[in-house]
Amino acid sequence: MTTEAAPPHGSAGTPTASPTAEEFSAVQQSAEFAELRRSYRSFAFPLTVAFIAWYLLYVLLSSYAGGFMGTKLFGNVNVALVLGLAQFATTFLIAWLYSRHAAVKLDPKGAAIKARMEAGE
């Protein structure tokens, strides 16, 4: 199998040395990597829990509160339809928020760690 990809950074196309397992372990134990993990977890875990709770609320209301969910808001649009569409809106909102969070907080930290590993520091 061949590739058209450019050779890795190095002198005259010579591949750079791969980091060793010890180097990966050292980075994993570093404060900088711990901060990257903390930044990711402090965003992802609360939003995941909130979204699952919101989804389960919708399912429980659909199962046990049929009268409420069938309440017409206007025309043929009822509470169930509005809350169902809100599930989709919430999904896209969370994806957009995560994309912003990753671009601002996670990607720069990850790039700095990667650059140091590639430089052999």
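Start by selecting R38 and E35: both sit in helix α2, 3 residues apart, so about one helical turn separates them. (Helices here are DSSP runs of H or I with at least four residues, strands are E runs of at least two, and both are numbered from the N terminus.) Show the side chains and you'll find that R38 and E35 meet in a salt bridge, 2.9 Å from N to O. The term covers a side-chain nitrogen of Lys or Arg within 4 Å of a carboxyl oxygen of Asp or Glu.

Before going on, a word on what's loaded: this is a predicted model, where local features need pLDDT of at least 70, side-chain atom pairs count only at pLDDT 80 or more, and totals for chains, interfaces and linings use all residues. Residues are numbered from 1 along each chain as its sequence is written, and side-chain values use heavy atoms, with hydrogens and water left out.

**Add K109.** Keep E35 on screen, since it also forms a salt bridge with K109, with the closest N and O atoms 3.1 Å apart. That pair links distant parts of the chain, E35 being in helix α2 and K109 in helix α4, 74 residues apart. With all three selected, you're looking at a network of salt bridges linking E35, R38 and K109. How open are they? R38 is partly exposed at 46% relative accessibility, E35 is partly exposed at 29%, and K109 is partly exposed at 24%. (Buried means under 20% relative accessible area, exposed over 50%, and partly exposed in between, using a 1.4 Å probe and protein chains only.)

**Now E32 and R116.** Here the side chains meet in another salt bridge, at 2.3 Å from N to O. E32 lies in helix α2 and R116 in helix α4, so this pair ties together parts that are 84 residues apart in sequence. Both ends are partly exposed, E32 at 31% relative accessibility and R116 at 32%. By the same rule, the salt bridge count comes to 4.

**Select residues 31-64.** That's the whole of α2, with 34 residues. At 1.5 Å a residue (times one less than the number of residues), the helix should span 50 Å, and its end C-alpha atoms are 48 Å apart, which agrees. Centre on R41 and look for a kink of about 25°; the bend is the angle between axes fitted to the seven residues ending there and the seven starting there.

Which residues of α2 are buried? Colour L36, S39, F43 and A44. These buried residues pack against α4, so bring up 79-119 as well.

**Hop to E23.** This residue lies in helix α1, residues 21-29, and is partly exposed with a relative accessible area of 35%. Leaving aside residues up to four places away in sequence, E23 touches S18 and M117, where a contact means heavy atoms within 4.5 Å. Put a distance label between the C-alpha atoms of E23 and M117: they are 7.8 Å apart in space, but 94 residues apart in sequence.

**Zoom out.** Switch to cartoon and you should find 4 helices and 2 strands, in the order α-α-α-β-β-α along the sequence. Of the 121 residues, 14% count as buried. Among contacts between residues at least 6 apart in sequence, 57% join residues at least 24 apart. Finally, turn on the surface: the protein exposes about 9100 Å², with carbon and sulfur atoms supplying 67% of it (Shrake-Rupley, 1.4 Å probe; for residues, only the protein chains shown count as cover).
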